[in-house]
Amino acid sequence: MMLYLDCGNSRIKWGLHADGRWQEVGVVDRTAAAELADLTRRWPRPQRVMVANVAGAAIGDAVAAALAPWGHIVAWAVSEAARAGVSNGYTNPEQLGVDRWCALIGARGLVAGASLVVCAGTALTIDALRADGLFLGGTIAPGLTLMRNSLASGTARLGRPDGQYADYPSHTADAIYTGCLNALLAPIVQQVQRLSALDGTATVYLTGGDAKLIAQHLPVCYQIVDNLALDGLARITCP
């Protein structure tokens, strides 16, 4: 049994993996990392633990404390120049967020052709992976909640009303919601067109907390993969 943890800006996802498949997966809130200590008492003792952390040093320390009984078998994933069929095209490979790196490796295990890896969470990341496994690069933008919060804090009267998506919004709440969501959809469509023109039809993988929301309005074919970064961690240890 292997244990994998993906510590993001909002959530910590975990998965127990054995016999080539996920036996159990779950999520805890990032601010409740101490819950992991309770989980370790319930989980069977793993052969190895691997953690990907982009949530900062404090969360890393809390996770390390929760995993302390298994400290000697815990490894921390880092972005590399190459791993599991993916070559890192970043100028400084180690600067690529390890969550993005793991998601790219997860995507590489799903398709042999070009793919666009879209993580819709606290931030929206869109990463292009060529058919030969070369990571070309990607973009980072605020996610839906950050966009709406920035409008609320940066304007005098808009606030943060709850709205719905509309083709032609007729009041402010819907205008804000639709405008922010469209700002996420447009760069995905643009990058699909660019990558497909460069390297043939690209498969779009959506992951992250807002993946299903974006999927409702995305005018291109896609696949939702809930545990893409965890899949990548599993491929790192068992390619």
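Student: How many helices and strands does the chain have?
Tutor: In this predicted model, the chain has seven helices, together with twelve strands.

Student: And what radius of gyration does the chain have, next to a compact globule?
Tutor: The chain has 19 Å, and since a compact globule with 239 residues would have a radius of gyration near 18 Å, the value agrees with that expectation. Along its principal axes, the C-alpha trace spans about 55 × 40 × 30 Å.

Student: What share of the residues counts as buried?
Tutor: Of the 239 residues of the chain, 46% count as buried, and the chain exposes about 11300 Å², of which carbon and sulfur atoms supply 51%.

Student: Switching to pockets, what volume does the largest one have?
Tutor: The largest pocket has a volume of about 720 Å³, and its lining is made up of 34 residues.

Student: Which of those lie nearest its centre?
Tutor: Cys119, Gly121, Thr122, Gly208 and Gly209 lie nearest the centre of the largest pocket.

Student: Which elements each supply at least two residues of that lining?
Tutor: Three strands, β2 (11-18), β8 (115-120) and β9 (123-129), each supply at least two residues of the lining, and so do the helices α3 (98-108), α6 (211-215) and α7 (228-237).

Student: What's the lining like by class?
Tutor: The lining of the largest pocket has 13 nonpolar residues, alongside twelve polar and nine charged ones.

Student: Back to the whole chain, what percentage of contacts joins residues at least 24 apart?
Tutor: Among contacts between residues at least 6 apart in sequence, 53% join residues at least 24 apart.

Conventions
Residues numbered from 1 in each chain as written. Predicted model: local features only at pLDDT ≥ 70, side-chain atom pairs only at ≥ 80, totals over all residues. Heavy atoms only, no water. 1 Å grid on protein atoms, 1.4 Å probe; cavity = no way out; pocket = protein on both sides within 12 Å on 5 of 7 lines; lining within 4 Å. Points joined across faces, edges and corners; volume = space filled by probe spheres on them. Helix = DSSP H or I, 4+ residues; strand = E, 2+ residues; numbered from the N terminus. Nonpolar A, V, L, I, M, F, W, Y, C, P; charged D, E, K, R; others polar. Rg over C-alpha atoms; globule rule 2.2 N^0.38 Å. Buried < 20%, exposed > 50% of the residue type's maximum accessible area, 1.4 Å probe, protein only. Contact = heavy atoms within 4.5 Å. Areas by Shrake-Rupley, 256 points an atom, 1.4 Å probe, with all protein chains shown as cover.
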